[in-house]
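Please walk through this model with attention to how its parts meet, beginning with a single contact and moving outward to the domains.

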Amino acid sequence: MAKDNGTRKPWGGRFEEATDAFVEAFTASVDFDRRLYAHDIAGSIAHARMLARAGVLGEADAEAIVRGLEALRAEIEAGRFTWSVALEDVHMNIEARLTERIGEAGKRLHTGRSRNDQVATDLRLWLREQIDAIDAEIGRLQEGLVALAEREADTVMPGYTHLQVAQPVTFGHHLMAWFEMLRRDRDRLADCRRRVNVMPLGAAALAGTTFPIDRAYTAGLLGFDGVCENSLDAVSDRDFAIEFVSCCALLMVHLSRMAEELVLWASPHIGFVRLPDRFCTGSSIMPQKKNPDVPELVRGKCGRVQGHLVALLTLMKGQPLAYNKDNQEDKEPVFDTVDQVLGSVRAFADLVPALEPDRGRMRAAAREGFATATDLADYLVRKGVPFRDAHEIVGRAVRHAQAEGCDLADLPLETLRGFSEAIDEDVREVLTLDGAVAARDHIGGTAPAQVRAACARARAWLAARRRG
Ligand code: ARG
C-alpha cells in the first residue's frame, strides 16, 4: 500500500510505490481548495443524511459523521486543523481527519459519491454565496450613486463624445449612467446564479451510483434549485464558473470605465471632483502629489479578471468527457476573480459617497466648448429651417465665435441674425446651459426633472431587489 511521509493515500490500494515527492506537491490542490472547507462539510453532511434516509448508511453512523464533521468545522475555524499536502485536496484532508476522529463510520461517508461530483458541488455552493455577496456590494454602490445623483440632479457638466465637449448634461445624469451599467451587471449575475445553483452530487465519478440515492432530497437540504440531469456533464463542465467570470469580466470593464473617469475628473486640469485624502496616496519623491490610487488599481485589476476568463475558457476547451484533472485549475482563477471583484466594488461603494464635486468647475467647462450649438440648430428647425441648413448656419456662427474668442451665448443678437433671419430674442433661453439641459425632458434625457424621476425609479428597483 502506497505511503508518503507516513500518510496513507485514500486511493493507495492499487499502488506499489510511494508518490514522487515532487509529483505529490505538483498535483496537490489543498493549499488553495481548502477555501472550500465549509461547503465541502455542508455537502458531506447532506450526503450522509440522504444515505441514512435511503437506508444505505446506519443511523448511528450518519449521526457520528454529522457530529464529527461539525466538530471538524470548528477545528478548522479555530485554526487547529493541520492540512496535509500528502492528502492532496480539501476533500481527502477532511475525510481522513474525520476517520481519525470517529473511526470506522468516517470510512463509510464516501459511499455513492466521488471527489468528482463532490468538488463540482462544493464549487457551486461556494460560488452561489459569493454571487450573493457581490450582488449586495454592487447594491451598496448603486445606493451611493442614486443618493449622489439626486443631490447633483441640477449640476451642469459637459457631456462628451470623442472626449470633446458635445452637449451639456447634468452630473446626476452621468452618475445614473453608471447605475444602469451596474443594474445590468446584477441582472447578469442573477441569471448566472440560476445555472450555478444546480446540484452535481449523485453523478459520482461519472456514471452515477449503484446505491438507491435520493438526489432531490440532498438538493433540498443544500438549497439547490434542482439536480444536474446528466452525470457525465455534471462532473465535467465548468461553464457555470466560466459564465460567472465572464459576468465579472464585464462588471470589471464597467468599473474600469468609471475608474478612468474618476482619474480624469480628479486631475487638476479638469478638477470636477476631489477625492478625499483617505482614498489617495502620495509620492515618495514629489511632495505635492496626491494620487488617485484606488480608481487606478480598480482599472488595473480589470486586466487580471479578463485574464482569468481567458484562462478558464482555454482550460475547458478540448476536454473530453467526463472529469479531467485539468479542472483542478479552475479554482484559483475563480477565487481570485471573486477577491478582486469584491475588493473593487467595495472600494467604489466606499468612495462614491465621499466624492466632493466641484460644481463651478463643471459649469465652467461646459461653457467652453460651444455645448449649446445643437440647441441653436434645433431652435432654427423649430422656426422652419431644415436641419441640414440649420447645422450649416450654426457651424458658421461657431467659427465666428471661435475667432472672437467667445461663446455663442455671448454674440450680440444682431451678429446672430447675420447668420439667419430666423433668429430672435427668444434664442437667449436656448443658448443657456440650464435651458439646454432642461429641454431634454423625456425618459432617458438629461433634464434635472428626468434625473430625479430616474432616481425615484432606481430606488424602487433597489428596494424590490432587497426584498428578493
Ligand atoms: N482536487 C480535485 C479538483 O479540484 C478534486 C477532484 C479530483 N478527482 C480526481 N479523480 N482526481 O478537481
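A polar contact is a pair of N or O atoms within 3.5 Å, where within protein one atom must be able to donate a hydrogen and the other to accept it, and where residues adjacent in sequence count only if both atoms are side-chain atoms. Under that rule the side chain of Ser 44 makes a polar contact, at 2.9 Å, with the side chain of Arg 113. The model is a predicted one, in which local features need pLDDT of at least 70 and side-chain atom pairs count only at pLDDT 80 or more, while totals for chains, interfaces and linings use all residues. Residues are numbered from 1 along each chain as its sequence is written, and side-chain values use heavy atoms, with hydrogens and water left out.

Ser 44 has its place in helix H3, helices (H or I, at least four residues) and strands (E, at least two) being DSSP runs numbered from the N terminus. With a relative accessibility of 1%, Ser 44 counts as buried, a word that here means under 20% relative accessible area, whereas exposed means over 50% and partly exposed lies in between (1.4 Å probe, protein chains only). If its neighbours within four places in sequence are left aside, Ser 44 is in contact (heavy atoms within 4.5 Å) with Leu 69, Leu 109, Arg 113 and Gln 118.

Helix H5 covers residues 90–102, and because the expected span of a helix is 1.5 Å times one less than its number of residues, its 13 residues should span 18 Å, which agrees with the 18 Å between its end C-alpha atoms. The buried residues of H5 are Val 90, His 91, Met 92, Asn 93, Ile 94, Glu 95, Leu 98 and Thr 99. What covers these buried residues includes helix H2 (30–33), helix H3 (37–53), helix H4 (59–77) and helix H6 (115–151). Just after H5, Gly 103 takes a positive phi of about 75°.

From here the view can widen to the domains, whose bounds come from an automatic or database domain assignment. That assignment divides the protein into domain 1 (19–111), domain 2 (116–213 + 222–364) and domain 3 (367–467). The centres of domain 1 and domain 2, taken over C-alpha atoms, are separated by 32 Å, and 22 residues of domain 1 are in contact with 18 residues of domain 2. The area buried between domain 1 and domain 2, that is, the accessible area (1.4 Å probe) that two parts lose on being put together, summed over both, is about 1,800 Å², with carbon and sulfur atoms giving 65% of it. In domain 1, the residues that lose the most area to domain 2 are Phe 32, Arg 35 and His 39, which together make up 37% of what that side buries.

The polar side of this interface can be counted as well. Between domain 1 and domain 2 there are two salt bridges, each defined as a side-chain nitrogen of Lys or Arg within 4 Å of a carboxyl oxygen of Asp or Glu. The rule for polar contacts finds eight residue pairs across the interface of domain 1 and domain 2, both residues of a pair being at pLDDT 80 or more. H2 and H3 each supply at least two residues of the side of domain 1 that touches domain 2, and H3 gives the most to that side, with nine residues.

The side chains of Glu 88 and Lys 325 meet in a salt bridge with an N to O distance of 3.0 Å. Glu 88 is found in the loop between H4 and H5, where it is buried, with a relative accessible area of 9%. Most residues other than glycine have a negative phi, and most peptide bonds are trans. The phi of Glu 88, however, is near 70°, a positive value in a residue other than glycine. The peptide bond from Leu 321 to Ala 322 is cis, with omega near 0°, and Ala 322 has its place in the loop between helix H11 (293–316) and helix H12 (331–351).

Which residues does Asp 214 touch, not counting those up to four places away in sequence? They are Met 50 and Arg 53, and a polar contact of 3.2 Å joins the side chains of Asp 214 and Arg 53. Asp 214 has its place in the loop between strand E5 (198–199) and helix H8 (215–222), and is partly exposed, with a relative accessible area of 30%.
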